[in-house]
Amino acid sequence: MSDDERTMFTEEFWDERYLGSTRVWSGRPNQRLVEQLGDLQPDGGGTALDVGCGEGADAVWLAGQGWTVTGVDVSGVALDRAAAHASAADVVGRTSWVQVDLLADPVLPQGFDLVCASYVHVLRTDLLHVYGRIAASVRPGGTLFVVAHHPDDMATGLRDERFAHLLMLPEAVVGALDPDGWTVEVAAPQTREHGQDGITYTLTDTVVLAHRRQVPGAGGDQGPVLDV
(Lines give C-alpha, C1' and ligand atoms only; values in the text may rest on other atoms or scores of the structure.)
Protein backbone atom coordinates (compact mmCIF):
# COMPACT_ATOMS: atom_id res chain seq x y z
CA MET A 1 0.00 0.00 0.00
CA SER A 2 1.47 3.38 -0.93
CA ASP A 3 1.41 6.27 1.52
CA ASP A 4 -1.20 8.03 -0.62
CA GLU A 5 -3.48 5.01 -0.60
CA ARG A 6 -2.99 4.47 3.11
CA THR A 7 -4.35 7.93 3.90
CA MET A 8 -7.68 7.02 2.24
CA PHE A 9 -8.52 4.68 5.11
CA THR A 10 -7.65 6.95 8.03
CA GLU A 11 -9.79 8.89 10.46
CA GLU A 12 -8.17 12.14 9.31
CA PHE A 13 -9.07 11.54 5.65
CA TRP A 14 -12.71 10.78 6.37
CA ASP A 15 -13.17 13.50 8.98
CA GLU A 16 -11.89 16.02 6.43
CA ARG A 17 -14.24 14.66 3.77
CA TYR A 18 -17.27 14.88 6.06
CA LEU A 19 -16.34 18.35 7.26
CA GLY A 20 -16.19 19.48 3.63
CA SER A 21 -20.00 19.48 3.33
CA THR A 22 -23.05 19.44 5.55
CA ARG A 23 -24.02 16.03 4.17
CA VAL A 24 -21.94 13.62 2.09
CA TRP A 25 -24.57 10.91 1.48
CA SER A 26 -28.27 11.09 0.59
CA GLY A 27 -29.64 10.28 4.04
CA ARG A 28 -31.68 7.43 2.55
CA PRO A 29 -31.03 3.75 3.30
CA ASN A 30 -29.18 1.71 0.71
CA GLN A 31 -31.56 0.37 -1.94
CA ARG A 32 -30.01 -3.11 -1.85
CA LEU A 33 -30.25 -3.28 1.93
CA VAL A 34 -33.96 -2.47 1.80
CA GLU A 35 -34.53 -5.00 -0.99
CA GLN A 36 -32.67 -7.84 0.69
CA LEU A 37 -33.52 -7.21 4.34
CA GLY A 38 -36.94 -5.56 4.26
CA ASP A 39 -38.65 -8.88 4.99
CA LEU A 40 -36.09 -10.00 7.58
CA GLN A 41 -37.76 -9.12 10.86
CA PRO A 42 -35.77 -9.00 14.10
CA ASP A 43 -36.61 -11.84 16.45
CA GLY A 44 -37.49 -10.18 19.75
CA GLY A 45 -34.51 -7.99 20.57
CA GLY A 46 -32.68 -8.62 17.28
CA THR A 47 -29.28 -6.96 17.14
CA ALA A 48 -27.53 -5.53 14.09
CA LEU A 49 -24.06 -4.16 13.35
CA ASP A 50 -23.62 -1.60 10.55
CA VAL A 51 -19.96 -1.57 9.49
CA GLY A 52 -18.82 1.66 7.88
CA CYS A 53 -22.08 3.33 8.91
CA GLY A 54 -21.15 6.81 7.71
CA GLU A 55 -23.87 9.34 8.51
CA GLY A 56 -26.14 6.58 9.72
CA ALA A 57 -28.87 6.16 7.11
CA ASP A 58 -28.76 2.34 7.03
CA ALA A 59 -28.48 2.03 10.81
CA VAL A 60 -31.40 4.40 11.36
CA TRP A 61 -33.52 2.48 8.85
CA LEU A 62 -32.71 -0.82 10.57
CA ALA A 63 -33.60 0.69 13.95
CA GLY A 64 -36.90 1.80 12.47
CA GLN A 65 -37.52 -1.81 11.47
CA GLY A 66 -37.11 -2.88 15.10
CA TRP A 67 -33.42 -3.81 15.24
CA THR A 68 -31.12 -2.67 18.04
CA VAL A 69 -28.23 -1.31 15.98
CA THR A 70 -24.58 -0.57 16.63
CA GLY A 71 -22.99 1.59 13.94
CA VAL A 72 -19.21 1.64 13.56
CA ASP A 73 -17.07 3.96 11.48
CA VAL A 74 -13.53 5.30 11.39
CA SER A 75 -14.75 8.92 11.36
CA GLY A 76 -15.85 10.61 14.56
CA VAL A 77 -17.49 13.36 12.48
CA ALA A 78 -19.61 10.76 10.67
CA LEU A 79 -20.62 9.15 13.96
CA ASP A 80 -21.71 12.50 15.39
CA ARG A 81 -23.91 13.03 12.33
CA ALA A 82 -25.26 9.49 12.60
CA ALA A 83 -26.24 10.12 16.22
CA ALA A 84 -28.01 13.33 15.19
CA HIS A 85 -29.84 11.43 12.42
CA ALA A 86 -30.96 8.83 14.96
CA SER A 87 -32.21 11.56 17.27
CA ALA A 88 -34.19 13.22 14.47
CA ALA A 89 -35.72 9.83 13.57
CA ASP A 90 -36.56 9.11 17.23
CA VAL A 91 -34.54 5.87 17.37
CA VAL A 92 -31.89 6.93 19.88
CA GLY A 93 -32.94 4.12 22.23
CA ARG A 94 -32.19 1.50 19.55
CA THR A 95 -28.89 2.89 18.25
CA SER A 96 -25.34 3.21 19.53
CA TRP A 97 -22.14 4.31 17.84
CA VAL A 98 -18.54 3.07 18.16
CA GLN A 99 -15.44 4.44 16.45
CA VAL A 100 -13.48 1.60 14.83
CA ASP A 101 -10.53 1.55 12.42
CA LEU A 102 -11.06 -1.63 10.40
CA LEU A 103 -7.42 -1.85 9.41
CA ALA A 104 -5.93 -1.16 12.84
CA ASP A 105 -8.27 -2.45 15.53
CA PRO A 106 -7.92 -6.11 16.51
CA VAL A 107 -11.64 -6.96 16.59
CA LEU A 108 -15.07 -5.63 15.79
CA PRO A 109 -18.00 -5.90 18.18
CA GLN A 110 -19.15 -9.53 18.16
CA GLY A 111 -22.28 -11.67 18.45
CA PHE A 112 -24.84 -9.91 16.23
CA ASP A 113 -27.94 -11.38 14.60
CA LEU A 114 -27.32 -9.25 11.51
CA VAL A 115 -24.13 -7.63 10.22
CA CYS A 116 -24.22 -5.23 7.27
CA ALA A 117 -21.38 -3.66 5.30
CA SER A 118 -22.37 -1.22 2.57
CA TYR A 119 -19.60 -0.06 0.21
CA VAL A 120 -16.77 -0.93 2.58
CA HIS A 121 -13.98 -0.98 0.00
CA VAL A 122 -10.43 -1.92 0.95
CA LEU A 123 -7.30 -2.91 -0.89
CA ARG A 124 -7.24 -6.48 -2.17
CA THR A 125 -4.35 -7.27 0.15
CA ASP A 126 -6.59 -6.38 3.11
CA LEU A 127 -9.87 -7.79 1.82
CA LEU A 128 -9.73 -11.29 3.31
CA HIS A 129 -8.61 -9.94 6.67
CA VAL A 130 -11.21 -7.17 6.86
CA TYR A 131 -14.16 -9.21 5.60
CA GLY A 132 -13.12 -12.15 7.72
CA ARG A 133 -13.41 -9.85 10.75
CA ILE A 134 -16.76 -8.51 9.55
CA ALA A 135 -18.09 -12.06 9.10
CA ALA A 136 -16.80 -13.05 12.54
CA SER A 137 -19.14 -10.46 14.06
CA VAL A 138 -22.17 -12.55 13.01
CA ARG A 139 -23.39 -14.95 15.68
CA PRO A 140 -24.08 -18.60 14.73
CA GLY A 141 -27.48 -18.58 13.06
CA GLY A 142 -27.12 -14.92 12.08
CA THR A 143 -27.03 -13.12 8.73
CA LEU A 144 -24.35 -11.21 6.81
CA PHE A 145 -25.24 -8.64 4.16
CA VAL A 146 -22.65 -6.97 1.93
CA VAL A 147 -23.11 -4.56 -0.95
CA ALA A 148 -20.22 -3.04 -2.91
CA HIS A 149 -19.44 -1.35 -6.20
CA HIS A 150 -18.86 -3.95 -8.93
CA PRO A 151 -15.99 -3.64 -11.45
CA ASP A 152 -18.53 -3.35 -14.30
CA ASP A 153 -19.18 0.19 -13.06
CA MET A 154 -15.91 1.29 -14.66
CA ALA A 155 -17.65 1.17 -18.05
CA THR A 156 -20.06 3.95 -16.96
CA GLY A 157 -17.35 6.56 -16.59
CA LEU A 158 -18.66 7.48 -13.14
CA ARG A 159 -15.91 5.73 -11.18
CA ASP A 160 -12.42 7.15 -10.77
CA GLU A 161 -9.88 5.07 -12.70
CA ARG A 162 -7.39 5.48 -9.85
CA PHE A 163 -9.63 3.40 -7.59
CA ALA A 164 -10.65 0.65 -10.01
CA HIS A 165 -8.67 -1.87 -7.96
CA LEU A 166 -10.97 -1.25 -4.98
CA LEU A 167 -14.13 -2.45 -6.72
CA MET A 168 -15.29 -5.91 -5.66
CA LEU A 169 -16.64 -9.07 -7.24
CA PRO A 170 -19.12 -11.22 -5.26
CA GLU A 171 -16.54 -14.01 -5.28
CA ALA A 172 -14.13 -11.82 -3.31
CA VAL A 173 -16.60 -11.50 -0.44
CA VAL A 174 -17.58 -15.17 -0.52
CA GLY A 175 -13.89 -16.05 -0.50
CA ALA A 176 -13.61 -14.54 2.97
CA LEU A 177 -16.23 -16.96 4.34
CA ASP A 178 -15.48 -20.46 5.58
CA PRO A 179 -17.56 -22.68 3.25
CA ASP A 180 -18.17 -25.13 6.10
CA GLY A 181 -19.58 -22.39 8.29
CA TRP A 182 -21.78 -20.41 5.92
CA THR A 183 -24.77 -20.85 3.61
CA VAL A 184 -24.64 -18.28 0.80
CA GLU A 185 -28.12 -17.25 -0.35
CA VAL A 186 -27.15 -14.46 -2.74
CA ALA A 187 -23.78 -13.76 -4.37
CA ALA A 188 -24.33 -11.92 -7.61
CA PRO A 189 -24.00 -8.64 -9.49
CA GLN A 190 -27.26 -6.69 -9.54
CA THR A 191 -28.00 -3.64 -11.66
CA ARG A 192 -29.89 -0.47 -10.86
CA GLU A 193 -30.66 2.79 -12.62
CA HIS A 194 -28.95 5.96 -11.48
CA GLY A 195 -29.74 9.46 -12.72
CA GLN A 196 -27.01 12.10 -12.77
CA ASP A 197 -26.84 15.40 -14.64
CA GLY A 198 -29.88 14.46 -16.69
CA ILE A 199 -28.37 11.14 -17.80
CA THR A 200 -29.53 7.70 -16.66
CA TYR A 201 -26.75 5.21 -16.00
CA THR A 202 -26.96 1.49 -15.28
CA LEU A 203 -24.86 0.77 -12.22
CA THR A 204 -23.86 -2.65 -10.98
CA ASP A 205 -23.62 -3.64 -7.32
CA THR A 206 -21.98 -6.69 -5.83
CA VAL A 207 -24.56 -8.19 -3.45
CA VAL A 208 -23.88 -10.97 -0.96
CA LEU A 209 -26.37 -12.36 1.55
CA ALA A 210 -25.16 -15.27 3.69
CA HIS A 211 -26.21 -17.07 6.86
CA ARG A 212 -23.79 -18.38 9.46
CA ARG A 213 -24.59 -21.97 10.35
CA GLN A 214 -25.42 -22.97 13.90
CA VAL A 215 -22.73 -24.84 15.78
CA PRO A 216 -24.05 -28.36 16.58
CA GLY A 217 -24.58 -28.80 20.28
CA ALA A 218 -24.00 -25.12 21.09
CA GLY A 219 -25.93 -23.54 23.91
CA GLY A 220 -28.03 -20.39 23.87
CA ASP A 221 -27.21 -17.43 21.66
CA GLN A 222 -24.62 -14.97 22.86
CA GLY A 223 -25.59 -11.33 22.71
CA PRO A 224 -23.36 -8.60 21.32
CA VAL A 225 -19.99 -8.11 22.96
CA LEU A 226 -18.58 -4.62 22.39
CA ASP A 227 -14.93 -5.64 22.58
CA VAL A 228 -13.33 -2.50 21.14
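User: How many salt bridges does a search of the whole structure find?

Analyst: Seven turn up when the whole structure is searched. Keep in mind that this is a predicted model.

User: Why is the pairing of Glu35 with Arg32 called a salt bridge?

Analyst: The closest N and O atoms of Glu35 and Arg32 are 3.1 Å apart. The cut-off is within 4 Å, for a side-chain nitrogen of Lys or Arg and a carboxyl oxygen of Asp or Glu, so this pair qualifies.

User: Where do Glu35 and Arg32 sit with respect to each other?

Analyst: Both belong to helix 3 (residues 31-37), and because they are three residues apart, about one helical turn separates them.

User: What makes Arg32 buried, and Glu35 partly exposed?

Analyst: Buried means under 20% relative accessible area, and Arg32 has 3%, so Arg32 counts as buried. Glu35 comes in at 42%, which lies between the 20% and 50% limits, so Glu35 is partly exposed.

User: How do you know that Arg159 and Asp153 form a salt bridge?

Analyst: Here the closest N and O atoms are 3.0 Å apart. That is within 4 Å, so the name fits Arg159 and Asp153.

User: Are those two partners buried or partly exposed?

Analyst: Asp153 is buried, at 0% relative accessibility. Arg159 has 21%; buried would need under 20%, so Arg159 is called partly exposed.

User: What about Asp205 and Arg192: why is that a salt bridge?

Analyst: Their side chains meet at 2.6 Å, N to O. Again the limit is within 4 Å, so the pair passes. Asp205 is in strand 7 (residues 199-212) and Arg192 in strand 6 (residues 182-196), so this salt bridge ties together parts 13 residues apart in sequence.

User: What makes Asp205 and Arg192 count as buried?

Analyst: Asp205 has 0% relative accessibility and Arg192 has 16%. Both values are under 20%, so both residues are buried. Salt bridges with shared partners also join Arg192 and Asp205 with Arg32 and Glu35 in one network.

User: How do you know that the span of helix 6 is close to the one expected?

Analyst: Helix 6 (residues 124-136) has 13 residues, and 18 Å is expected at 1.5 Å a residue. From first C-alpha to last, the helix reaches 19 Å, which is close to that value.

User: Which residues of helix 6 are buried, and what covers them?

Analyst: Asp126, Leu127, Val130, Tyr131, Arg133, Ile134 and Ala135 are buried. Their cover includes strand 1 (47-51), strand 4 (112-118), strand 5 (138-149) and helix 7 (170-174), along with strand 6 and strand 7.

Terms used:
Residues are numbered from 1 along each chain as its sequence is written. This is a predicted model: local features need pLDDT of at least 70, side-chain atom pairs count only at pLDDT 80 or more; totals for chains, interfaces and linings use all residues. Side-chain values use heavy atoms; hydrogens and water are left out. Helices (H or I, at least four residues) and strands (E, at least two) are DSSP runs, numbered from the N terminus. Buried means under 20% relative accessible area, exposed over 50%, partly exposed in between (1.4 Å probe, protein chains only). The expected span of a helix is 1.5 Å times one less than its number of residues. Contact means heavy atoms within 4.5 Å.
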